[in-house]
Amino acid sequence: MSDQLTLAAETRDRVGKGASRALRRAGRVPAVIYGQNKEPTSIHLEEKALVKALGTGHFMNTVVMINGERTLPKDVHFHAVTDRPVHVDFLRISAHTTVTVAVPVVFVDEEEAPGLKKGGVLNVVRHELELVCDAAEIPSEVTISLKGLDVGDSLHISAVTLPNGTQSAIDDRDFTIATVVAPSALKSAEGDTSTEAAEDAAGE
C-alpha cells in the first residue's frame, strides 16, 4: 500500500495570476482542495516539499494529509519550459472513500519469458493501470509476471492478478498491457527474405 504523505499548507487570501506569480517567486506553489460538496479551499505549498513528494514516484496515488484534511492529488500542472510545478488540485476524501487511481505497473520474471530470451523486445502499452479501490488501501504498484510470454504474445488485463480489494476502472474490454515483439534485426531479416522471394517470383 502507498505510504501516506503530509504537506503543510497556508490559505491563499488572494487568487489570480498576479497573486500566483508572487507566490511562485517566493518558493510557493498555488493549489486548491475541492470535493465532498464543500467550498474549494485555495492554499499554497512549499515548492521544495512538493517536489520531494513528487519525487517518490507515486504521488498521484498516495493519500496526502493537508492541514488535517485527507486528500488525493488529482492533477499537477508543470511549467512548459522549467518543468517546475505551478499548480496542484487535491480532492477531499474520507478514510474509506472509493477512489480511481493510476497505479504504476512493475514487470517481473523476464528471465522466464521465452520471447525475451530469443531477443524479443517488451513493448509496454500501459505503464499504469486505472484501478478502483478503497482510499485506505491504495496499492503502490501492480506486479505483473512475464513468465511464458513468447514473441508475438500479448498480455491482457484478464491475465493479471490485481491487488486485493481493487478492480480495473476499465471493465468493458480486455485491453492489452504489453506485447513481446521481434527485435528489429529479426524483422529486417524476415523482410529481406520476403523481398528476395518476391523478386525471384517476379523473375520467373
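**View 1. Lys118 and its partner Asp150.** At 58% relative accessibility, Lys118 clears the 50% mark and so counts as exposed in this predicted model. Lys118 forms a salt bridge with Asp150, and the closest N and O atoms sit 3.0 Å apart. The pair links distant parts of the chain, 32 residues apart. Lys118 is in the loop between helix H3 (114-117) and strand S9 (121-124), while Asp150 is in the loop between strand S11 (142-145) and strand S12 (154-156). Asp150 has a relative accessibility of 23%, so it goes down as partly exposed.

**View 2. Glu47 meets Arg84.** Here's another salt bridge, with 2.7 Å between the closest N and O atoms of Glu47 and Arg84. Glu47 belongs to helix H2 (residues 47-54) and Arg84 to the loop between strand S6 (69-78) and strand S7 (85-92), so the pair ties together parts that are 37 residues apart in sequence. Is Glu47 buried or exposed? Its relative accessibility is 12%, and because buried means under 20%, Glu47 counts as buried. Arg84, at 39%, counts as partly exposed.

**View 3. Asp172 and Arg173, a salt bridge along the chain.** Arg173 forms a salt bridge with Asp172, with the closest N and O atoms 3.2 Å apart. Asp172 is exposed, with a relative accessible area of 61%. Arg173 comes in at 46% relative accessibility and counts as partly exposed. If you're keeping a tally, the structure holds five salt bridges, among them this one.

**View 4. Helix H1 and its two sides.** Which residues of helix H1 (residues 17-25) are buried? They are Ala19, Ser20 and Leu23. These residues cover an arc of only 100° around the axis, which puts them on the same side of H1. Flip to the other side of H1 and you'll find Lys17 and Arg25, both exposed. As for what covers the buried residues of H1, the list includes S3 and S4. Gly27 follows H1, and its phi is positive, near 80°.

**View 5. Gln36, between two strands.** Gln36 lies in the loop between strand S3 (28-35) and strand S4 (38-46). What is worth a look here is the backbone: phi of Gln36 is near 55°, a positive value in a residue other than glycine. Gln36 is partly exposed, with a relative accessible area of 38%. The two flanking strands, S3 and S4, also turn up in the cover over the buried residues of H1.

**View 6. Asp109, just past strand S8.** Where does Asp109 sit? It's found in the loop between strand S8 (98-108) and H3. Asp109 isn't a glycine, yet its phi is positive, at about 65°. At 24% relative accessibility, Asp109 counts as partly exposed.

**View 7. Zooming out to the whole chain.** The chain has four helices and 14 strands. Of its 204 residues, 36% count as buried. Take the contacts between residues at least 6 apart in sequence: 66% of them join residues at least 24 apart. The accessible surface of the chain comes to about 11800 Å², and carbon and sulfur atoms account for 49% of that.

Key:
Residues numbered from 1 in each chain as written. Predicted model: local features only at pLDDT ≥ 70, side-chain atom pairs only at ≥ 80, totals over all residues. Heavy atoms only, no water. Salt bridge = Lys/Arg side-chain N within 4 Å of Asp/Glu carboxyl O. Buried < 20%, exposed > 50% of the residue type's maximum accessible area, 1.4 Å probe, protein only. Arc of directions from axis to C-beta. Contact = heavy atoms within 4.5 Å. Areas by Shrake-Rupley, 256 points an atom, 1.4 Å probe, with all protein chains shown as cover.
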